[in-house]
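Okay, thanks for coming, everyone. Let me put the model up on the screen, and then I'll walk you through one helix and its neighbours.

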Amino acid sequence: MKMTYVALKSLFSSPATANYPAEPKTYYPGTRGHIVLEVSTCTLCKICEIRCPTGAIQVDREGKAWSIERMKCIQCGFCVDSCPRKCLSNDPQYTSPASEKITDRLDVPYEPPKRKPKPETPPA
Amino acid sequence: MSNRTIIPFGPQHPVLPEPIHLDLVVEDERVIEAIPSFGFIHRGLERLVEKKDFQEFTFVAERVCGICSFIHGMGYCQAVERVMGITLPPRADYLRTFWAELSRIHSHLLWMGLVADAFGFENLFMNSWRIRENILDIVEETTGGRVIFGAAKIGGTRRDVTNDKLKEIGRTLKTIEAELHAITDVFEQDYSVQQRLRGIGILSREDAFDLGAVGPTLRGSGEPMDARCEGYAAYRDIEVEPIVESDCDSYARCMVRIREIYQSFDIIRQVLCRMPDGETEIKVKGYPNGEHFARLEQPRGEVLYYVKGNGTKHLDRFRVRTPTFANIPPLLKMLQGCDLPDVPVIVLTIDPCISCAER
């Protein structure tokens, strides 16, 4: 008898599930969806590469690029916590399904400060 | 001369979300003995501790299990913190307790759905999981993940929840609890549920204790033992009365879990009322040197974490004794003498989590 009440209630109420994909999924602001890099503030310091537990992030200082293997990333957010310039963040949107393992490569326009040339000491 | 046959059960079976293999020795329709075999999903997570540094390893510890994930991460952090002599800020302890109880509620609701599915009650299964979804929404909103919370770290928690948000969550939980009564009443009173659970899978109190059962399996046999009474995290301020049923059958274990859900709602209410203000993490300096055993209560029972550090960033040894591992010998005892159609339900009443047990 108890179940009849629950079943009838379900029968006459609106569906508990969302009408996806006609209605897009809404995410909470704090959801760990995927990692986003703000390239303008990145200094290619490599701390995210060292901290990443799965080795998904690669930083190429010579080629001036930051790359991430999306399928290796576990969205733990350890890189976001450890970034000294706060240029990494979690975007709430999940990455879309894919049939190939693609690496996202971003060019970073960072110029390291030029070292002052050492004053030449006259030979004694 | 009786006619004995061996029927393989698993590793692929409709009631088993994870692989375990049981060889059931049957005489007609009656099970005489069950012989288990393991190792289908061994991942070697304990060995990984030699490659990952001790802070990174929190993420690995959390991935030991998908359902009791938060308490795994919390247990590892608790053991390392004890080795390093770190005292957490009170707010971190309370937040951890809050998330641990939410994970207990969602794990028990998941189990209720699975057991309803095992005895063919699809509507009850769907409704249990519908309510579980509301709990997962709260988890996602506060931690950022649905099942892998990722909120525990050595030295505190990685996220804070504002007091306004906590008040709002308190109100939401009240409506969820009211909605839940309609479902749990079915488990308590429905004729068909009782027919499938009452008197099935008897485990006497002595057997449960001697074979080392833990969690609801042990408490369903009348033994009041709950690791939360040890007083870790915020449980030192909140009194937890172990929930005990004395019928020793599948129905008793089901009732223990249902009553534990309401107990968890009560604990969360107390946590929200007493939530202290202040920091949620402290800075960790140095490396762990020493060893410690931590005991925590997971939804499935008591879990043990052993951590041994050597003063470097890599730990020497990490060991987990998960509740499912301890509950396998009592399960084999329960299966002796049961009818063959009852085997799936009995296997589910220990709430098996095989990936936990094999790590």
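**One helix and its neighbours**

So, start where α3 and α4 of chain B touch: on the α3(B) side you have B:Trp99, B:Leu102, B:Ile105, B:His106, B:Leu109, B:Leu110, B:Met112, B:Gly113, B:Ala116 and B:Asp117, and they meet B:Glu122, B:Leu124, B:Phe125, B:Ser128, B:Trp129, B:Ile131, B:Arg132, B:Ile135, B:Leu136, B:Ile138, B:Val139 and B:Thr143 of α4(B). Sort that contact by class and you get 15 nonpolar, four polar and three charged residues. Keep in mind that this is a predicted model.

How do the two helices lie against each other? The angle between α3(B) and α4(B) is about 160 degrees, and their axes are 8 Å apart. An angle over 145 degrees counts as roughly antiparallel, so that's what we call α3(B) and α4(B). The crossing there is left-handed.

Okay, α3(B) itself. This helix covers residues 90–118, and its 29 residues should span 42 Å at 1.5 Å a residue; the end C-alpha atoms are 42 Å apart, so that agrees. Is it mostly buried or exposed? Well, 26 of the 29 residues are buried, so α3(B) is largely enclosed by the rest of the structure. And just after the helix comes B:Gly120, with a positive phi of about 80 degrees.

The other partner I want to show you is α9(B), residues 250–274. Here the packing angle with α3(B) is about 155 degrees, and the axes are 9 Å apart. That makes α3(B) roughly antiparallel to α9(B). This crossing is left-handed too. If you want side chains to look for, the α3(B) residues in this contact include B:Tyr94, B:Phe98, B:Arg104 and B:Trp111, and among those from α9(B) are B:Cys254, B:Arg257, B:Glu260 and B:Ile268. By class, this contact has 11 nonpolar, three polar and five charged residues. B:Ile105 and B:Leu109 turn up here, and both are also in the α4(B) contact.

Last thing: the other chain. Which residues count there? The contact between the chains takes 19 residues from chain B and 16 from chain A. On the chain B side, α4 (122–143) and α5 (163–189) are the elements that give two or more residues. α4(B) gives the most, with six. So what's the mix on that side? Five nonpolar, six polar and eight charged residues.

That's my bit. Shout if you want to go back to any of it.

Note on methods:
Residues are numbered from 1 along each chain as its sequence is written. Chains are lettered from A and ligands numbered from 1 in the order in which they are written. This is a predicted model: local features need pLDDT of at least 70, side-chain atom pairs count only at pLDDT 80 or more; totals for chains, interfaces and linings use all residues. Two residues are in contact if their C-beta atoms, placed from the backbone, lie within 7 Å. Helices (H or I, at least four residues) and strands (E, at least two) are DSSP runs, numbered from the N terminus. Ala, Val, Leu, Ile, Met, Phe, Trp, Tyr, Cys and Pro count as nonpolar, Asp, Glu, Lys and Arg as charged, and the others, Gly among them, as polar. The expected span of a helix is 1.5 Å times one less than its number of residues. A residue is buried if 20 or more other C-beta atoms lie within 10 Å of its own, exposed if 12 or fewer, and partly exposed in between; C-beta atoms are placed from the backbone. Axes are lines fitted to C-alpha atoms, for helices over the stretch in contact, and angles run from 0 to 180 degrees between N-to-C directions. Angles under 35 degrees count as roughly parallel, over 145 as roughly antiparallel, 65 to 115 as roughly perpendicular and the rest as oblique. A crossing is left-handed if the near helix is turned anticlockwise from the far one by less than a right angle, and right-handed if clockwise.
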